[in-house]
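This report describes some strands, helices and charged pairs of one protein structure. Please look over the sequence and the model before reading on.

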Amino acid sequence: MQKSLRPDLIFFILLICLLKGFTNYAQVPVNLDTALIADLAPSDTLYENIVIGEIIITGYKKTKPYLIERDIPFKKGDIVKRTELNKLLELGRQQVMNTSLFVEASVKVINQISDIVYVEVNVKERWYLFPLPYFRMIDRNFNTWWVEHNHSLERINYGIEFLQNNVSGRNDNLNISLVNGYTQQFAVRYKNPFLDKDLVHGMNAGFSYSRNREVNYATNTLNKQLFVKQEDQFLINQLHFDLAYTYRPAIKTRHSFRIGYTDVRVKDTVLKLNPEYFPGSVTRLRFPDISYNVQYYNVDYIPYPLRGFTGEATIYKRFNSKDQLFQIGGKGTYTKKVLSNSYLQFQAAGLLRLPFKQSFVNQRLFGSSDFYMRGLEYYVIDGVAGGVLRGTAIQQVFNFNIPLPFSVKSINKIPFKIYAKTFSDLGYSYHPKQGHSILNNKLLRTWGIGLDIVSFYDIVFKLEYSFNQLGNNDLFFHTKSDF
């Protein structure tokens, strides 16, 4: 007799779907309170140096154990200072958690004989298979969709997304999306960061096809997007594929060399409204491109860092005789603990496009993707060069767990950490056409207060009450990282 799904399991799956739909994340759960570091002998011990004996890994089922070993900052036979061991144990736990493979991890000494210590790495694996409903708004942020577009369901993408994380146990991921609604899209992407036995070389490949009946064809002088829509035909069609070679010589540094090809077509309707939408007023743009990206992570927790530095830089080149584009960009975040549960965070991001004369599709800057200023969410600021500086003071105010009334694999509680913050942003967007809009070519200033809520699935909710130099103020809601 076939067994039916348990009601509590059905409820949990629906909870995950709801959270994922609001957050735009394809991440998996994380527990923030699992540091289990052993207390060793007093500081006046006979042994100033300690030898690492066996490293025992437990709790894994699918993940290859050598993948876990790679993120431990010591190996069997290493000699370390006794006073440094606790720091190394905590660093190992952080690096194992930052693989996004586990809901919990602990790295601790389980035995000490003379000057030899034996270490246990215990992990709790996450759920890796997620066939989930796909439900996402297409607008730049929640406020734009809710206020300016009157939370219209016509501006929602829906469908199904198949996520298989850790496919072979080597932290490789397969994503397949079938999307309808505002955008019709089919997309496939496979990532495998560890193809070789040394866990250094990897690859990333993707294909997508999409089409829309509505197009953002321009930005007006008030920094608002202008749209054109036709119900009886698709105004834009796009085909794209890319292949990347990834190189990770060290735990904290990742390199990616990517080649791609894009074919975009728009209807004459778009060019009649904005002849500069594509270069040379063409209706079809085809181009190969290449890019190089380097990332550096030295933080306690990547989705919401409270200690350390993370940085990223990208060089991009497009090859098309009518659409010359060379672009360089970078961003970074530095966070430092200043008092008990108090932190200061500084962020910077910048972008430069050459030559300065670009078609409309190559001018998007502030308000696109994750490049925005807090307090200017309702505005789009085009440009070919620009940057933003941010300063944030953070104070943890709550840290608690809500136990689940039922048992689910790997999860028996929902962790929450809540932080209060104050912030201020400075930004600048350069456009070669003077008077292009009210916010171009001038110093931009915003400030405000807020609450951040961090939970499992690497979910970060941000509630921010912001002010800007135009005299506007409002409550804004974000569900992803600042950068």
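## Strand pairing and strand S20

Two strands pair if DSSP finds at least two bridges between them. The model discussed here is predicted. Strand S19 (residues 411-430) and strand S20 (residues 444-454) run antiparallel and are joined by 11 bridges. One of the bridge partners in S20 is Leu444, which is matched with Gly427. S20 is also joined to strand S21 (residues 460-468), by 9 bridges, and these two strands run antiparallel as well. Here Thr446 has Asn468 in S21 as its bridge partner.

In a regular strand the side chains alternate between the two faces of the sheet. S20 shows this alternation: Leu444, Thr446, Gly448, Gly450, Asp452 and Val454 point to one face and are buried. Arg445, Trp447, Ile449, Leu451 and Ile453 point to the other face and are not buried. Asp452, one of the buried residues of S20, belongs to a network of salt bridges that also links Lys421, Lys462 and Glu464.

## A four-stranded open sheet

Another part of the model holds an open sheet of 4 strands, with mixed pairing and the order S2-S1-S4-S3. Its edge strands are S2 (79-81) and S3 (102-113), each of which pairs on one side only. From one strand to the next, the twist averages 40°.

Strand S1 (residues 49-58) and strand S4 (residues 116-125) run parallel, and 6 bridges join them. Ile52 has Val117 in S4 as its bridge partner. Helix H3 (residues 85-97) packs on this sheet and touches S1, S2, S3 and S4. The direction of H3 makes about 155° with that of S3.

## Salt bridges around the sheet

How many salt bridges does a search of the whole structure find? The search finds 23. One of them joins Glu54 and Lys76, with the closest N and O atoms 2.6 Å apart. Glu54 lies in strand S1, while Lys76 is in the loop between helix H2 (65-70) and S2, so the pair ties together parts that are 22 residues apart in sequence. Glu54 has a relative accessibility of 36% and counts as partly exposed. Lys76 is exposed, because its relative accessible area is 53% and the cut-off for exposed is over 50%.

A second pair sits within helix H3: Arg93 and Glu90 are 3 residues apart there, about one turn of the helix. Their salt bridge has its closest N and O atoms 3.2 Å apart. Is Arg93 buried or exposed? With a relative accessible area of 11%, Arg93 is buried, since buried means under 20%.

## A salt bridge between distant parts

Lys224 and Glu148 also meet through their side chains in a salt bridge, at 2.7 Å from N to O. This pair links distant parts of the chain, 76 residues apart. Lys224 is in the loop between strand S10 (214-219) and strand S11 (225-229), and Glu148 is in helix H4 (residues 142-148).

Where do the two residues stand in accessibility? Lys224 is partly exposed, with a relative accessible area of 23%. Glu148 is partly exposed too, with a value of 35%.

Terms used
Residues are numbered from 1 along each chain as its sequence is written. This is a predicted model: local features need pLDDT of at least 70, side-chain atom pairs count only at pLDDT 80 or more; totals for chains, interfaces and linings use all residues. Side-chain values use heavy atoms; hydrogens and water are left out. Axes are lines fitted to C-alpha atoms, for helices over the stretch in contact, and angles run from 0 to 180 degrees between N-to-C directions. Contact means heavy atoms within 4.5 Å. A salt bridge is a side-chain nitrogen of Lys or Arg within 4 Å of a carboxyl oxygen of Asp or Glu. Buried means under 20% relative accessible area, exposed over 50%, partly exposed in between (1.4 Å probe, protein chains only).
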